[in-house]
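Reader: Hey, got a minute to walk me through this one? I'd like to start with the ligand and then jump around a bit.

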Amino acid sequence: MISEKNWAQELAKSLISLNQLSEKAMICESEVTELQKVKDTFDIRVPQLFIEDIIQGNTALAKQFIPSKNEIIFLPEELEDPIGDARWTPVEGIVHRYPDRVLFKPTYLCGVYCRFCFRRNKVSDASHNLKSENAKTAINYIKDHSEIWEVILTGGDPLVMTDKVLQEILSEIAAIDHVKVIRFHSRIPSVLPSRITNSLIQLLKSTNKSIWIAAHMNSADEFTPEAKIALAKLIDNGIPVLLQSVLLKEINDTHETLVSLFKVAIENRVKPYYIHYPDLAKGTEQFRIPLKKAIELVKGLRGTISGLCIPHFIIDIPGGSGKIAINTHTAKECKNNTWEFESPLDGTIITVQYPHGDEHSETFR
Ligand code: SF4
């Protein structure tokens, strides 16, 4: 049986230094010095589970987790807080951007440090973790706002916290009557699946709320046998899992790579929910493809694979103005009640006239 000790030991075996990466031949010896400034700016953590695959040449994993010198090239458009969390932070640890839900960020630690992370200016630094008096204020904020229907635990990665700490947080949230849904945003099911222990499952099931997990995975290879078992364990225990991905250059920026990612997700009962265009975080230009190409890629999925496999394509407007779902197909009203639709099968424009409900009710009166 997987115990809490096992996952903590596995986490401790992740690679966190340039020397360790060099010893495993993930970077050249000369890069230990060349990449020092990158390491000083953005921490490294490569999960034990992916070490062998990266050594064997899995570039989709290597590009996500192995540092590169491009990360300290900052463009003027890139921001420390690309999605404007600070603008919507009424008290420390809470982001209240949309009326019915808040982000609650108790920790900035993760099981991996992704090179494209949109919170890379904060993650890995435990000094940003919520102190207990601030956690109390954050919980009181949720209590005092009866419009908050959903609490999204994020960070960092909330599932790196121990069961004991999670239990304290969950019991506080569970006691708030108007909160009906608790969602975890986590990369843990793929990077540290041993964390999905029986005791964690019992803890998640013990609340009286609807619990959801949005699992972050960007390539089909992240659905390892271990990850599949962890996902099945969550789902079999009544905890639905959504897939959240980022569209990343040379990682999943082809029709084929996206199709295999979304198909393997559905085959494992994980619903593709969002695919994000990379946020304008500092030093992440190497991960972006032109937005126009990104739209075409996502558009190419509709009509090719089952609708079950297709996520919303999302952009978080820089500065904190919210998420928008990008429409990949056009529906245009050309004259009263007559619409033009672009066929997802061959791109032809089809004109359809819809009877207008109100006009008919006039006729029948
Ligand atoms: S796991 Fe999430 S929060 Fe942590 S580094 Fe990766 S993208 Fe950022």
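Author: Sure, here are some notes on the ligand site, a lysine from the record, a domain and a helix; keep in mind that this is a predicted model.

Reader: Cool. Which residues are around the ligand?

Author: Cys110, Val112, Tyr113, Cys114, Cys117, Val123, Gly156, Arg187 and His216.

Reader: And how does that shell divide into nonpolar, polar and charged?

Author: You get 6 nonpolar, 2 polar and 1 charged. As for the space the ligand takes, that's the largest pocket.

Reader: Switching topic: what does UniProt list for Lys323?

Author: An unreviewed UniProt entry has Lys323 down as a modified residue, N6-(pyridoxal phosphate)lysine.

Reader: Where is Lys323, and what does it touch?

Author: Lys323 is in strand S9, which covers residues 323–325. Leaving out residues up to four places away in sequence, Lys323 touches Tyr98, Tyr274, His276, Ile314, Ile315 and Asp316.

Reader: Why does Lys323 count as partly exposed?

Author: Because its relative accessible area is 32%, and partly exposed runs between 20% and 50%.

Reader: Got it. Where does UniProt place the Radical SAM core domain?

Author: At residues 96–311, again from an unreviewed entry. That stretch is 33% helix and 17% strand, with its end C-alpha atoms 24 Å apart.

Reader: Last one: which residues of helix H5 are buried?

Author: In H5, residues 48–55, the buried ones include Leu49, Phe50, Ile51 and Ile54. After H5 comes Gly57, with a positive phi near 100°.

Note on methods:
Residues are numbered from 1 along each chain as its sequence is written. This is a predicted model: local features need pLDDT of at least 70, side-chain atom pairs count only at pLDDT 80 or more; totals for chains, interfaces and linings use all residues. Side-chain values use heavy atoms; hydrogens and water are left out. A residue is near a molecule or strand if one of its heavy atoms lies within 4 Å of it. On a 1 Å grid over the protein atoms alone, a cavity is a set of points where a 1.4 Å probe fits but cannot get out, and a pocket is an open set with protein on both sides within 12 Å along at least five of seven lines; lining residues have an atom within 4 Å of a point. A molecule sits in a cavity or pocket if more than half of its atoms lie within 2 Å of its grid points. Ala, Val, Leu, Ile, Met, Phe, Trp, Tyr, Cys and Pro count as nonpolar, Asp, Glu, Lys and Arg as charged, and the others, Gly among them, as polar. UniProt positions are given in the numbering used here, feature names are shortened, and annotations may be inferred rather than shown by experiment. Helices (H or I, at least four residues) and strands (E, at least two) are DSSP runs, numbered from the N terminus. Buried means under 20% relative accessible area, exposed over 50%, partly exposed in between (1.4 Å probe, protein chains only). Contact means heavy atoms within 4.5 Å.
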